[in-house]
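I open this notebook to record what I looked up, entry by entry. The sequence and structure come before the entries.

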Amino acid sequence: MTEYYTRMGDGRRVTMTKEQIMNDIQAGTADAADMASIPALNANDIEHMCEIIMDQSRVVGVEPGHEVVMTYDIGQLDFTGDNGNSGNGVDMGRLEAALLHERALGADTFELAHSDYSIKPVKPVISMEMQTMEEIQAEIIAPYFYGAMPNMGLYYAPDGPYGNPADLMREFKIEESMASSEAAAEHLARDIEFVTTRLQAAGSDGFNFDTTGSAGDADFVGTLNGVKKLRELCPEAYINVGAAGESVMGIHGMIEFEGEIAAGLYPHQQAQLVAKAGANVFGAVCNTNTSRSLAWNLGRAVTFIKKAVEDSPIPVHVDMGMGVGGIPMFETPPLDAVARCNKAMVEIAKVDGV
Amino acid sequence: MSLNDDAKNAVMTYNNKKAVEVAKKAVAENADIVELIEKGFSAGMTEVGALFEAKKVYLPHVMAAAAAMNAAMDVLNPELEKRGAEVSAGLGTVVICTIEGDIHSIGKDIVAIMLKVAGFKVENIGRDVPLDQIVDACKKYKPVAVGTSALMTSTMVHQKTFEEKLKAAGIRDSLLTNVGGAPVTQQWADEIGADLYTENASDAAAKFTAAFEKK
């Protein structure tokens, strides 16, 4: 029986038969459908995905005319960062990196980022970031944002002033843990307002909130409150909110945004709140399981994202990179897997951008 | 409802007061306390764990359920000692931590709770724990197993070095090694010679119990 070259979720090369690939796609889509109570992929979608995975070409792509918007997170760090930071270790300035993305790599948008890539560490260097933003805006043509993770973990001990919920819960101090999450979320929203409004004043076209909710539901809510404030103060700002995972982790468990409990929300539900906060684009995410095949992961990811695209009141730009969107969790993800996952997201999930 | 049902219900509704009431009633009625723990309180925790894995309840709920169970155990433990009874504890001690260089601890803490519920004595020695310190903890607590969690590809490599350090310390054969964390796979466990790969807290409880019930 013919075997097709494919990948596992950790990037390992494997071969699978068409039957095995189909079975894994079906299991992946069923898992997503069951978790989020959403429709599984239909027979045509599954067959199409299988054809994409079985394609004998190393790189696959979409038909001309079906291209989508390409934008990037993490700023220049994908060049300058080392391998442990999913970068290439090529040293260059932030201006050069921005122009390279615009003029050589075809990026439709790009962003300025600080090496810590989090809201909090930008505060002490805000004047330098504003100056750099102004300088690069004078040269670049593509929409140029500022990007950072809300990364609310930095507000908890030992890095910040609030008690760490993980430590408090381990001591069964559940109410204190919740209060700590709420205080950190308020602090985060204040910092978002401080950082984003200054960068907008320096000429930024907008802001990319990357990996929203990485510290759980309070991180998600704190960020949305910050987004809401940014929208009020800078109505012209182009705001992209990217998520941290397919489900918002319930570290608080009951914190709400606009009357909706954030814990456990799936991409199609996250999109509603992100839009309500005032964002222009939602960056939907589905994390990769390293022990499962690319077929399983892609079947699962496309199921979540397809539903998010259908339900979202704003454009959905799916997060496609190391360990997300069906792509293997590997510092430099294999090109064959990256190309297949992107094609499936455009042709089956119908995403607006990547 | 039976006492077992009441105990299970108290845990699943995170009701410390009710859990203590059920425990006191069981003591007063000279009920089978071992059965109450295993078929009542622990059964409730197992269901909460399953709901957590299905993302129907969240971490604070798991902790609140564990708090209710702990409150009941404070009442039942002295009675167990008095009667000389043994719960299916005695499965042994497990040392657990997040490995050197890695500060992620939530998943590891959930595993620690589920192992406790399964009947292990758990020594949770923290996060970002230097390898030599983990070896020292293994010498001190003499565990039946040691579990290390790594949430990053850059820290999972320490799990391999840890295997070598256990061998160098002459204690590798006296315990099982367990590896977990998002980038960790069965293949990685096989490659470095770890005994158990566990994907999540429920998986850890099931595999640890199976490994030590056999022995």
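**Entry 1: a residue of chain B**

I began with B:Ala64, which I located in helix 4 of chain B. I note that the model is predicted.

Is B:Ala64 buried or exposed? I found 22 C-beta neighbours inside 10 Å of B:Ala64, so I entered the residue as buried, the threshold for that class being 20 or more.

I then listed the contacts of B:Ala64, leaving aside neighbours within four places in sequence, and obtained A:Ile174 and B:Tyr14. I also looked up a distance along the same chain: B:Gly170 is 106 residues from B:Ala64 in sequence, and their C-alpha atoms are separated by 40 Å.

**Entry 2: helix 3 against helix 4**

I next examined how helix 4 of chain B (residues 59–83) packs with helix 3 of chain B (residues 33–53), and noted an angle of about 170° with the axes 10 Å apart. The two helices are therefore roughly antiparallel, since angles over 145 degrees fall in that class.

Which residues make this contact? From helix 3 of chain B, I recorded B:Ile33, B:Ile37, B:Phe41, B:Gly44, B:Met45, B:Val48, B:Gly49 and B:Phe52. From helix 4 of chain B, I recorded B:His61, B:Val62, B:Ala65, B:Ala66, B:Met69, B:Ala72, B:Leu76, B:Glu79 and B:Leu80. By class, the residues of this contact are 13 nonpolar, three polar and one charged.

**Entry 3: chain B against chain A**

I turned to the contact between the chains, to which chain B brings 19 residues and chain A brings 22 residues. On the side of chain B that touches chain A, two or more residues come from each of helix 4, helix 5 (106–118), helix 7 (153–168) and helix 8 (186–192) of chain B.

Which of these elements gives the most? I found that helix 4 of chain B does, with six residues. I classed the residues on this side of chain B as nine nonpolar, seven polar and three charged.

**Entry 4: the nonpolar core**

I looked up the largest nonpolar core and counted 170 residues in it; A:Ile305, A:Met345 and B:Leu115 have the most contacts inside it. Helix 4 of chain B gives the most to this core, with 11 residues. Domain 1 (3–83) and domain 2 (93–214) of chain B each supply at least three residues to the core.

Finally, I listed what A:Ile305 touches, not counting residues up to four places away in sequence: A:Pro267, A:Ala284, A:Cys286, A:Val316, A:Val318, A:Met345, A:Ala349 and A:Val351.

Key. Residues numbered from 1 in each chain as written. Chains lettered and ligands numbered in written order. Predicted model: local features only at pLDDT ≥ 70, side-chain atom pairs only at ≥ 80, totals over all residues. Axes fitted to C-alpha atoms, helices over the stretch in contact; angles between N-to-C directions. Helix = DSSP H or I, 4+ residues; strand = E, 2+ residues; numbered from the N terminus. Parallel < 35°, antiparallel > 145°, perpendicular 65-115°, else oblique. Contact = placed C-beta atoms within 7 Å. Nonpolar A, V, L, I, M, F, W, Y, C, P; charged D, E, K, R; others polar. Buried ≥ 20, exposed ≤ 12 C-beta atoms within 10 Å, placed from the backbone. Core = buried A, V, L, I, M, F, W, Y, C linked by C-beta atoms within 7 Å. Domains from an automatic or database assignment.
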